[in-house]
Amino acid sequence: MAEGQWADSEQAAIKAVEDFMSALNAGDNQALYNTMHVPHVRISGNGVAIHNTREDLEGDYLKGFAARAGDSWHHTVLDSVEVLHSSEDKVHLYIQWTRHDKDNRPLLTHQALWIMTRVDGRWGAQARSSFAP
């Protein structure tokens, strides 16, 4: 496979991650959930969470995020994105993100593998793995 053969897929997958971060920071829950596919798998430093339906995701995801992010969290910055593998309908991204407080002081930085897929023409996160709590 020639390098860059799936450049459109890669760009769309990266845009979906950027849209995720924007929606998270804006508190736009519906836009956030639109950047995720179900079943959605999150493999963390503390275990595995599987959200089988959109309703399951909407009922649980943000509660878990709030507990992980803590009271000082104000916003998250996507520091970097690297494409590891890509195909027409799936892209593996290695990302780094940093959570910040309201004074823009960094709270913590983590790296993660995000598996982005195109389902029904829409790109979204299908699975994520990191050592974050």
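The following paragraphs describe the sheet of this predicted model, the helices packed on it and the residue E10. Local features were taken at pLDDT of at least 70 and side-chain atom pairs only at pLDDT 80 or more, whereas totals for chains, interfaces and linings use all residues. Residues are numbered from 1 along each chain as its sequence is written, and side-chain values use heavy atoms, with hydrogens and water left out.

Six strands form an open sheet in the order β2-β1-β6-β5-β4-β3, with mixed pairing; strands (E, at least two residues) and helices (H or I, at least four) are DSSP runs numbered from the N terminus, and two strands pair if DSSP finds at least two bridges between them. Because β2 (47–51) and β3 (75–86) stand at the edges with a single partner strand each, one side of each is left without a neighbour in the sheet. Neighbouring strands are turned by 25° against each other on average, direction ignored, with axes fitted as lines to C-alpha atoms (for helices over the stretch in contact) and angles running from 0 to 180 degrees between N-to-C directions. Strands β1 (residues 36–44) and β6 (residues 122–130) pair in the parallel sense over four bridges, and A127 in β6 is the bridge partner of V41.

Helix α1 packs on the sheet, touching β1, β3, β4 (90–100), β5 (106–119) and β6, and its direction makes about 160° with that of β3; contact means heavy atoms within 4.5 Å. Helix α3 (residues 54–69) also packs on the sheet, touching β1, β2, β4 and β6, with its direction at about 35° to that of β1.

Within α1 (residues 7–26) lies E10, which touches V83, S86 and V91, not counting residues up to four places away in sequence. E10 is buried yet has no salt bridge, the nearest side chain of opposite charge, R118, being 12 Å away. Here buried means under 20% relative accessible area (1.4 Å probe, protein chains only), a salt bridge is a side-chain nitrogen of Lys or Arg within 4 Å of a carboxyl oxygen of Asp or Glu, and Lys and Arg count as positive and Asp and Glu as negative, with His and the chain ends not counted.

Note on methods: Buried < 20%, exposed > 50% of the residue type's maximum accessible area, 1.4 Å probe, protein only.
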